[in-house]
Amino acid sequence: MPTQRRFDLAAAIVLATTASGAIAQSAATNPVALSASLTGIGQLDARLDQGGKFSWNGILVQGSAARQFTPEFSAALSLRYGYESWHFDEPSALGTVAPWGHINRPAVGFRIAQQIAPQLGVFIAPELEWSYESGASASDAKTFGAVFGATQYFSPTLVLGIGAGVFRQIDKTRVFPLLIVNWQIDDHWRVSNPFQAGPAGGAGLELVRALGSQWELAAGASFRDYRFRLRDDGPAPGGIGRNEGIPVFARLTRQLGPRGHIDFYAGAVTAGKLRVLDANGATLASSSYHPAPLLAASATLNF
């Protein structure tokens with residue numbers, strides 16, 4: 001039945017993004033499951049409060065391999081590469097020249113999940129990311145830490161969990177709470193986590209409406225806060241850039257058979273702020289920015 005199939009897919013997404021696969025009451029041992037995705041994203045012109053404007057666009061490529069070793073234990077490995085190309089008015093609130101240009105964010109992550117009771121599971125997902133401007137040293141740009149937590153299986157339509165993320169972002173340790181939700185309210189409505197929890201923040205929440213068996217419409221939000229090392233020959237030599245904000249979005253998804261789907265996103269980044277820090281973490285310049293339009297498209301294939 002279409003509703004049950006959509007809930008099973010949502011449970012698979014929770015497994016892939018929050019490592020909460022230990023929620024299943026009776027999971028069979030399966031061969032390795034592979035997944036790959038490609039995302040293109042663009043944040044349109046945003047005006048800085050103290051003068052000037054900026055925009056950026058980028059891509060995100062991700063692949064993962066997961067295996068259910070026993071009915072109670074699963075593990076997964078993921079590889080990710082993100083790239084952002086930024087464009088600033090010059091001068092702007094952040095200086096007389098662009099504070100940074102092209103940002104690279106390769107990462108590797110590992111997840112393990114264990115069912116410790118018939119309806120209770122725990123998980124941990126360590127991750128290492130290098131976040132740096134082109135021309136900066138990747139060895140000075142490490143972000144590392146883990147997401148961990150527990151999930152409770154209440155029924156075939158309700159899974160809830162709590163946890164936290166702890167990450168060292170180049171020069172600062174950051175801790176954030178994590179709420180895991182997978183609630184199939186009825187045949188048409190679902191509440192779940194839209195994104196992967198990791199160095200940039202938690203998984204967020206979204207409300208989803210099924211539009212038949214092949215389409216769904218969703219609306220949600222999350223919080224994002226990440227840092228990256230700046231190049232040595234830039235306006236803040238060896239410094240740190242920081243971007244934070246709350247993306248609020250609508251999503252339209254089209255299923256491509258049992259193994260793939262395409263997502264289209266439109267929204268805005270609210271409560272946004274950019275900072276330029278020196279090599280010791282002291283703020284050199286900062287500015288909030290007006291709500292910035294955001295567009296993205298993503299294709300995912302499961303093997």
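F148 is partly exposed, since its relative accessible area is 37%. In this predicted model, F148 belongs to strand β7, which covers residues 142-155. On the surface, F148 joins L77, F110, I112, I124, V166 and V175 in a nonpolar patch of about 550 Å².

Other aromatic residues are covered by the protein. W86 has a relative accessible area of 4% and is therefore buried, because buried means under 20%. W100, at 2%, is buried as well.

The rings of the aromatic residues can also be looked at in pairs. The model has 14 aromatic pairs. One of them joins W86 and W100, whose ring centres lie 5.5 Å apart with 80° between the planes, an edge-to-face arrangement. This pair connects distant parts of the chain: W86 is in strand β3 (residues 73-88), while W100 is in the loop between β3 and β4 (102-117), 14 residues away.

W100 is buried. The ring of W100 also pairs with that of F228: the centres are 4.9 Å apart and the planes meet at 85°, so this pair too is edge-to-face. F228 sits in strand β13 (residues 224-229) and W100 in the loop between β3 and β4, so the pair ties together parts 128 residues apart in sequence. F228 is buried, with a relative accessible area of 0%.

These three residues belong to a wider group. W86, W100 and F228 form one aromatic cluster together with F54, W56, F88, Y226 and Y289. One member of the cluster, Y226, also has a charged neighbour: R105 lies over the face of the Y226 ring, 4.0 Å from the ring centre.

Technical notes:
Residues numbered from 1 in each chain as written. Predicted model: local features only at pLDDT ≥ 70, side-chain atom pairs only at ≥ 80, totals over all residues. Heavy atoms only, no water. Patch = residues over 30% accessible without salt bridge, like charges linked within 9 Å, V, L, I, M, F, W, Y side chains within 5 Å. Areas by Shrake-Rupley, 256 points an atom, 1.4 Å probe, with all protein chains shown as cover. Salt bridge = Lys/Arg side-chain N within 4 Å of Asp/Glu carboxyl O. Helix = DSSP H or I, 4+ residues; strand = E, 2+ residues; numbered from the N terminus. Buried < 20%, exposed > 50% of the residue type's maximum accessible area, 1.4 Å probe, protein only. Phe/Tyr/Trp six-rings, centres within 6.5 Å; stacked < 30°, edge-to-face > 60°. Lys NZ or Arg CZ within 6 Å of the ring centre and 35° of its normal.
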